[in-house]
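Trainee: Before I use a model like this one, I would like to learn how to read its confidence, its core and the surroundings of a single residue. Could we go through these in turn?

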Amino acid sequence: MNNGWIAGATVVWRGLLLLVAVLAAGCAGTPVGYGQAGTPKNIIIMFADGTAPTQLEFGKYTARHLRNEGFAVTDIMLREGTLGLLSTHPANAFITDSAAGASAMSTGHKVNNFAISMTPDGQRHTTLMQAAKARGKRIGIVSTATVYDASPAAFSVNAADRGDSQAIVDQYLQLEPDVLLGGGADYFLPAKAGGKRKDNTDVIAAFAGKGWQVVRNTAALNANSAARLLGLFSDEDLDLELDRDAAQEPSTAEMTTAALKALERDNPNGFVLFVENENTDTAGHANDAAALMRALWAFDKAVQVAIEYQRSHPDTLVLVAADHETGGLSPTYAQIDMSSMSSKNRLYVDVARLKMLEGITLSIKGMAEKLGKKPTNEMLDALLAKHYPGFKIDADLREAMIKGQPLERNFSYFVTSTALSRMVSRQTGIYWGTGGHTVQPVAIGAIGPGARLFHGYQDNTDFAKNLQRLLGAQ
Ligand SMILES: [Zn+2]
């Protein structure tokens, strides 16, 4: 063997290795096997609070059978991307709240329920947005809840209690998110301006003074082209999708589009964007299947916006994620009435039942607000006839509704509406196990550079560790 042959063989061998490497990397934007390696420039987290695979299956089935549409969360993010599952328990219990769930997913540390990225020893841990900012990235926070609600807060700042709304807003002013969109104007404004702040600070004016464009309705948001944007569209949470006034409050997809438009301006180091749909959790607490269905469809439209962005910007990692399941959603079969336990007296969730859900025009929360604390039979009948066509309320549920009694100890949210929810369950087969959160693991879908890190059955703290690793913070 002479040296020339060895040199030639080495060149061929190197060429083969390069070919294998190119094949393994796959085409740009197309995940291979367990997903792509690499480091993303931009990260988009699409977060549906209170959703686990049952909710996603519900969104997929109803989108297909009621709208003849696909469902991007399952059909693209989970099917074509990297699929993972997360355990969700907090430091001090089996069941998590949103604060502890998001804190673990932001910092990589377990905290007690109600804490915002602060461990029981009082230590403040670096949040995902703080880490992103420290790496020179632009940051955006979007929520259909108040922007200072538990999940967006835990991804951004630190507080002993999720109820420290004013302190959370004060920290936002220091953190300076380039984009901040959602509800919650109340803790940005002092009492004299109609807000709830206990000092005299007008935080909206403070952001404007620092150069942020301020928008307060959908048209202003959609027309905006500023690089730094504060959008507060309601004093408190934005409405459920089922009840939303589209002129006043933008959809999750519109907010996602606006956030991406702002963040990609002047973006040499990339951005991290967190988009939360909180309606999915609120609908779960109210055991409101119709509101959940609409919220899931609205979330999916926003996920489609993120996927389209990823396709035109393959250096972007898109994640679909959640913090816990809400409501113990249980579409099932049950007896039509209690006259017989025969299988002939059984109701299965089918398209006809789903069409009944589609016919509902006001959320259970909206119904409870209209009925007030002292509902009457006349009010109830009139509202049901108007907003719940085809539904009839059984005598036992009517009595509970009028008396304002919960049906069980595990239905503590929206007490006057649990009977309405059970009315819908009895006639559609879509039951619920609780008014609170459950321990169902949540699904993660990932597409883009770094997606492979999210594969498999992980802990919610791993989600943060993966992200902070991709940011180079760990
Ligand atoms: Zn919740």
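The dialogue below takes up confidence, then the nonpolar core, then one helix residue.

Trainee: What is the average pLDDT of the protein, and over which residues does pLDDT stay under 50?

Mentor: Where pLDDT is low, the predicted coordinates should not be read in detail. This is a predicted model, and the protein averages a pLDDT of 92, with 92% of the residues scoring at least 70. Over residues 1-33, however, pLDDT stays under 50, and the model has 13 contacts beyond four places in sequence for that stretch.

Trainee: Which residues touch the most other members of the largest nonpolar core?

Mentor: A core can be read through its members and the elements that supply them. Here the largest nonpolar core has 129 residues, among which Met-46, Ile-116, Ala-259, Val-303 and Leu-319 touch the most other members. Helix 12 (residues 289-312) gives the largest share of this core, 15 residues, and at least three residues come from each of domain 1 (42-328 + 437-470) and domain 2 (331-432). Leaving aside residues up to four places away in sequence, Val-303 touches Met-46, Ala-72, Val-73, Met-77 and Val-320.

Trainee: Why is Leu-173 classed as partly exposed?

Mentor: The class follows from a count of neighbours. Leu-173, which lies in helix 7 (residues 165-175), is partly exposed because 15 other C-beta atoms lie within 10 Å, a count between the limits of 12 or fewer for exposed and 20 or more for buried. Beyond residues up to four places away in sequence, Leu-173 touches Val-203, Ala-206 and Phe-207, whereas 31 Å separates the C-alpha atoms of Leu-173 and Glu-325, which are 152 residues apart along the chain.

How values were computed. Residues are numbered from 1 along each chain as its sequence is written. This is a predicted model: local features need pLDDT of at least 70, side-chain atom pairs count only at pLDDT 80 or more; totals for chains, interfaces and linings use all residues. A nonpolar core is a set of buried Ala, Val, Leu, Ile, Met, Phe, Trp, Tyr and Cys residues joined through C-beta atoms within 7 Å. Helices (H or I, at least four residues) and strands (E, at least two) are DSSP runs, numbered from the N terminus. Domain bounds come from an automatic or database domain assignment. Two residues are in contact if their C-beta atoms, placed from the backbone, lie within 7 Å. pLDDT is the predictor's confidence in each residue, from 0 to 100.
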